[in-house]
Structures are given as structure tokens and as C-alpha cells.
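The following questions and answers guide a first reading of the structure shown below. Each answer reasons briefly and closes on the value or name requested.

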Amino acid sequence: MSGPRVLMLHLGLLAGLFALQFVLPAYHHGNLARIMVLAAYAVGYNILFGYTGLLSLGHALFFAAGMYGMALMIQHGGATPAPALLVGIAAGAVVSGLLALLALRTTGVAFMIVTLMFAQAGYLTILYFAEWTRGDEGFVIQQAQRILWGIDLSQPTARYFAAWAVFSVAFLISLWLVRRPFGRTLIAIRENEERVRMLGYDTFAHKLGAMVISGTISAGAGAAYGLLFGYAGASFASVQYSIFPLLWVLLGGAGTVLGPFVGTLFMFYLIDLSSGITSAYMLIAGVALVLLTLFAPQGLVGELRKRVFRGLP
Amino acid sequence: MDLGPYILLATLEGAVTAAVLALTAVGLSLVFGVMRVVNIAHGEFFMLGAVIAWYVANGLSGHPATGFFAALIIAPLLVGVLAMAVDMTILKRLNYDPERTIVATIGLLYILQQGALMTYGPEARPVEAPFNTRIALPWLELGENGLSFYYPWGLSTTSYKLAVIAAAALVLLGVWGMMTRTKLGLVMRATQADRDMALAFGIPVERVYAMVFGIGAGLAALAAVLIVPIQQAHYMMGADPLLLSFIVVIIGGLGSLPGTVVAAIIIGLSDGIISVFFSPTLAKILATLLVGLVLVFRPQGLFGTRAP
């Protein structure tokens, strides 16, 4: 696929999502707003996992850093949404930078466990400071505190546009990044880190950059999720929320720009449908993880790229 | 109670934790050592052991001891066979690639946990201990007439708890004997040292792997059967043993069995004593941070000398 057609395809998705807002029934309208914010989280995860080849099991730490950075500023700092969002995003950048400095000293399985352990410590820290965070129960951000530049983000239409904007920013950053020399170097590191180092690239700096960008986008999604849906709770910092982006990206296709959205869309509706049938809806996630690693490690968009659209970023 | 008897009590409770933890962690360590597989679903094998123990104990009528001892044999066997099936159908097909097996065992974790929720349900249910005599413990006191024994109120343990410690020690001795004295152990160690060379010498590596995965899961199930008369069987009970086993295995040195046992005893004993002084959440935060930092700065473990 050539450059302009790739651009057309990706911008087409954004235009389509923008237009869908006018035709969707209320229930799916609300769902899609959620999916777009979560897909932005998956886009962030994909930059580290899909493009750099570093499998993190601790991204919930970044998502929660954004969410709590934003929510605590509003709840206890008395801030308005705009600076609160910035604080959330900055919190994500700082936390991911610090974790990267430690975790990037390890590779492979050790990297996965280190990220898992630090994310777990972060989750427990939120529970420990229950006086401010309200622990597992979480707290609601009131409607009056969610007015950004005069726009009430608790209104479905405004919320949909805000979610669309958040997703578009993450999506376009990801599309731009992977076509830049920096992104190409990340892909090279994924394929063969030794060789990239031999060619004279500073692989540590590249991986550090990838992890901070990935963590910052995840934090942005977390902050937006808390603001748009008016709730911050410790469950968003739990292991489950580290597994979800992995699952979405694996399903959609790791290392593809479209994959995170496709994966989030399918998995969201799969879990939504199955939770109507049984309380054990995470069973679907487990089965999907096993089947994907066994039979389709490339994911949906990855398979599509292999068979139809070669050269899809 | 004074501080002295209190610490003795905490140590005794800690010894039970340590015994069960050592069994669970040795299972995890064995799998990692021989197969280089990080089994995230290990805690769910533990949970399955407890749940199966409840089914067996409830299915059999008669004296509670009958059901318990039947469970002691049936639960580890069933879980072991299930784990072998998982190894042959899933892990083998992934060629034991470290990262993909982690993702697959995360999937397995949810399948087993949610499967238990669908069949066994969300309730926590107890299994009756085969024997449970209360034993009061004496304490020394320096009185006016020199040293004398007395029985402080609340300082007691049960015969069952002591039996758990003894049983765990026996099983660990058995595992040690198996690894160092039998042909199976020799084959396992050979596979651990060099998989390809073992294969070249005609060792059926795939069968060894299935066996090791089965034994590892069986040990977790056995630990769960031992603890289930003290705790209760619940579908979410796998999370804590998994986290603690990870801590133990990493601090003891990945894949080193003696290091694992030493770490289990230290962590198990200190767990009770630490939670006297700190809140449990703070203790967990410190423990998880410790694991992360050990992996970053001392990947061979605090006690291990062998590189992972």
C-alpha cells in the first residue's frame, strides 16, 4: 500500500467514527465513546509492545497515574478540568520515566515481572491511601466539576466528541511516530536489538523514549476516562487493567496502527455480550488470550496485512 | 499477653504459612528451573486443589478424616493430570517461548478461575480437619521462685497445624530425594542443564516437561489441600499464593530449589511478625517493591548464586 492510500484509510476511520455519532442508537453511542477512550489506551500500549517489542504487564500503573493525577487535582486540589488533565498526563510521563529507568535494566521475562510488581505496588499504594483515594470504592467526579471550556462533558454528545478527539490524537501520534526514523528504529529494536546497537544507535534511549511516550498516552487515556465518565477507582489500577490492553492489542494486531482500535471494539462487545449471560465474563478474555497466542499471534489486522494489504503501518 | 508469648504465637502461625508457601513455591520454582516457563496460572492450580478437596470431602460420607485423606491423594493427582494436559495442548505448541507462554498462562488463569466461579460458585466453603485438638503451650516466667512454667491465655496451637508443618517437611524431603536420588530426578536435572544435549542422549524431553509441569501443579494443589481446613476454599484464593510464591522464588534465586525453601521459611515466618508491626497493605507494598528491585539489581536472587 502506498503512502497516500495508507493515510486515506486511517483518516477514513476517524471520519467514519465522527459520522457514526449521528446515527448510532443511545446504548451503542455510549459504548463507542468508552471504546474510543480505551482504544487510545491500547494505542499507547501498542507503541511499547507492538512496535518496540517490550511486553509490559504494568500499564495499569500509567493509566491509573493519569486518572488519579487528574481526579485528585479536581477532588482535593480544587482544580478545573484543563489543568487537572495536564497534571494527569504529566504524572503518567514521570511515573513511566521512573519505571523505565529501573525496568529497562532487565529484559524478557524479568521485564514483564518487574513491571507487574511495580504496578501491583502502585495499586496497593492507592488502597493504602484510602483516605484520599477512597480505595476500592473510588469516588465520583461531580457533573459541575466536569465542565471544560464551557462544555459539559457529562452530556452524551459532548462526551462522544471529546472521546473522539482523545482517540484521534493518540491514533495520529501513533501513525506519525511509526513512519518517522524514531519509530522505524523502534521496529528495528523489536526485530534485533543487538544489530541495532551494533549500527551505532543508542537502544536504551530509544526504549526509554518509547516507554515514556507509551506511558504518557496511556495516562492521557486514563485521565480522559476519569473525566468523561466521572469516576476514579482502584480497580483501574489492578492487574486486570494491565491485561486488558495486552488482550486488545493482541486481538487487533500488535504492531499495527489500526489494530488497537479493532481489538478494543471486538473485545468490548464480546465481554459486553457475555456478561449478559454469565457473571464469569472474564472467561471470554482467558479463552481469547489462549486461542490468540496459539493460532493468531498476529491478530486480526496483522492477518489482514499478511494476506491483503501489505505495507500497512 | 506479653510480647514473648505473642511472638511465639506469631512464629507458630508463620511456620504454617511458611510450610504451605514452601510447597507452592517449590512447584513454581521446579517448573521455572526445568522448563524456563513462568506459570502465572500457578495460583489457580492451588485454588483448584482446594476446590477439589471440598468436592471430595463433601462427596464422601463417614468420618471427616476419610474425606480429607482421600482429597489429599485425589486433588493433587487430578490437578497434575490437568496440568499435563495443558502442557501438551498449549505450552508444547508454543515451543515454550517465554513471553508467549506467559500470555497463555494469563489466559489459563482466567479460564480456571472463572470456570471455578461458574461451577463451584462464589461462596467460601470450609473442609473439616481430620483431627483438631487444641494444644496449650507453656511459657517460662522468672518469678520469685526462679524459673517456672505457666500457660498464658491464648497461647495455643492445634494438632492439625503441627501436622501441616510436618507433612510439608516430609513432602519437601520427598521432592529433594526425587531430584537427587532417582532416575526421574536425574533426567529432570539433565534437561534443566542442557535441553538439546538431553534430547541428543535420548531423553524424551517433551515427556519430562509434561511430568515437571504436572508435578509443579500437583505440589500447589497438595499445599492447598493442607491449608483448606484452616482457610476456606474460594474461587479467588489463588491470587495471594501466586504473589507470595513469586516473591519467594525470585528472592530465593530463580530455579534454585534450596534457595526457594530458605526464602519461603524467611518470608513465611516474617509475614506473621511483620504484620504485627505494619499494616498488611504496607507489608505487601514493601514486598512487591522488594521483588521488583531484586529482579533489577540482583537477578540471581538474594541467596542464589546461579544465574537465571
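**Salt bridges, contacts and backbone**

Q: With which residue does A:Glu191 form a salt bridge?
A: In this predicted model, the closest N and O atoms of the pair are 3.0 Å apart. A:Glu191 is exposed, with a relative accessible area of 56%. Its partner is partly exposed at 32%. The residue that forms the salt bridge with A:Glu191 is A:Arg190.

Q: How many residues apart in sequence are the parts tied together by A:Lys207 and A:Glu193?
A: A:Lys207 forms a salt bridge with A:Glu193, and the closest N and O atoms are 3.0 Å apart. A:Lys207 lies in helix α10 (residues 203-229) of chain A, whereas A:Glu193 lies in helix α9 (residues 193-198) of chain A. The pair therefore ties together parts whose separation in sequence is 14 residues.

Q: Is A:Lys207 buried or exposed?
A: A residue counts as buried under 20% relative accessible area. The relative accessible area of A:Lys207 is 4%. A:Lys207 is therefore buried.

Q: Which residue of helix α8 of chain B is paired with B:Lys92?
A: B:Lys92 lies in the loop between α3 (64-91) and α4 (98-119) of chain B, so its salt bridge to helix α8 ties together parts that are 114 residues apart in sequence. B:Lys92 is partly exposed, with a relative accessible area of 31%. The partner also counts as partly exposed, at 44%. The closest N and O atoms are 3.7 Å apart, and the partner is B:Glu206.

Q: How many salt bridges are there over all chains, and how many between chain B and chain A?
A: Side chains of opposite charge can pair when their charged atoms come close. A search of the whole structure finds seven salt bridges. Between chain B and chain A, the count is zero.

Q: What area do chain B and chain A bury between them?
A: The contact involves 36 residues of chain B and 37 residues of chain A. Of the buried area, 84% is on carbon and sulfur atoms. The area buried between the two chains is about 3,200 Å².

Q: Which residues of chain B lose the most area to chain A?
A: Together, these residues account for 18% of what the chain B side buries. They are B:Val103, B:Tyr110 and B:Val296.

Q: Are α6(B) and α8(B) roughly parallel or roughly perpendicular to each other?
A: The axes of helix α6 (residues 183-193) and helix α8 (residues 205-227) of chain B come within 10 Å and cross at roughly 105°. Angles of 65 to 115 degrees count as roughly perpendicular. The two helices α6(B) and α8(B) are therefore roughly perpendicular.

Q: Which residues in α6(B) meet residues in α8(B)?
A: On the α8(B) side, the contact includes B:Val205, B:Val208, B:Tyr209, B:Met211, B:Val212 and B:Ile215. By class, the contact has nine nonpolar, one polar and no charged residues. On the α6(B) side, the residues are B:Leu184, B:Val187, B:Met188 and B:Thr191.

Q: Which residues touch B:Ala224, leaving aside its neighbours within four places in sequence?
A: B:Ala224 is in helix α8 of chain B. With a relative accessible area of 0%, B:Ala224 is buried. The residues in contact with B:Ala224 are B:Phe46, B:Gly49 and B:Ala50.

Q: What is the relative accessibility of A:His29?
A: A:His29 is found in helix α2 (residues 26-51) of chain A. Not counting residues up to four places away in sequence, A:His29 touches A:Gln21, A:Leu24, A:Pro156, A:Thr157 and A:Tyr160. A:His29 counts as buried, because its relative accessibility is 9%.

Q: What is the phi of B:Arg36?
A: Most residues other than glycine have a negative phi. B:Arg36 lies in the loop between α1 (3-35) and α2 (42-59) of chain B, and B:Arg36 is partly exposed at 33%. Although B:Arg36 is not a glycine, its phi is positive, at about 60°.

Q: Is B:Tyr96 buried or exposed?
A: B:Tyr96 is in the loop between α3 and α4 of chain B. Its phi is near 55°, a positive value in a residue other than glycine. With a relative accessible area of 8%, B:Tyr96 is buried.

Key: Residues numbered from 1 in each chain as written. Chains lettered and ligands numbered in written order. Predicted model: local features only at pLDDT ≥ 70, side-chain atom pairs only at ≥ 80, totals over all residues. Heavy atoms only, no water. Axes fitted to C-alpha atoms, helices over the stretch in contact; angles between N-to-C directions. Helix = DSSP H or I, 4+ residues; strand = E, 2+ residues; numbered from the N terminus. Parallel < 35°, antiparallel > 145°, perpendicular 65-115°, else oblique. Contact = heavy atoms within 4.5 Å. Nonpolar A, V, L, I, M, F, W, Y, C, P; charged D, E, K, R; others polar. Buried < 20%, exposed > 50% of the residue type's maximum accessible area, 1.4 Å probe, protein only. Buried area = accessible area lost by both parts, 1.4 Å probe. Salt bridge = Lys/Arg side-chain N within 4 Å of Asp/Glu carboxyl O.
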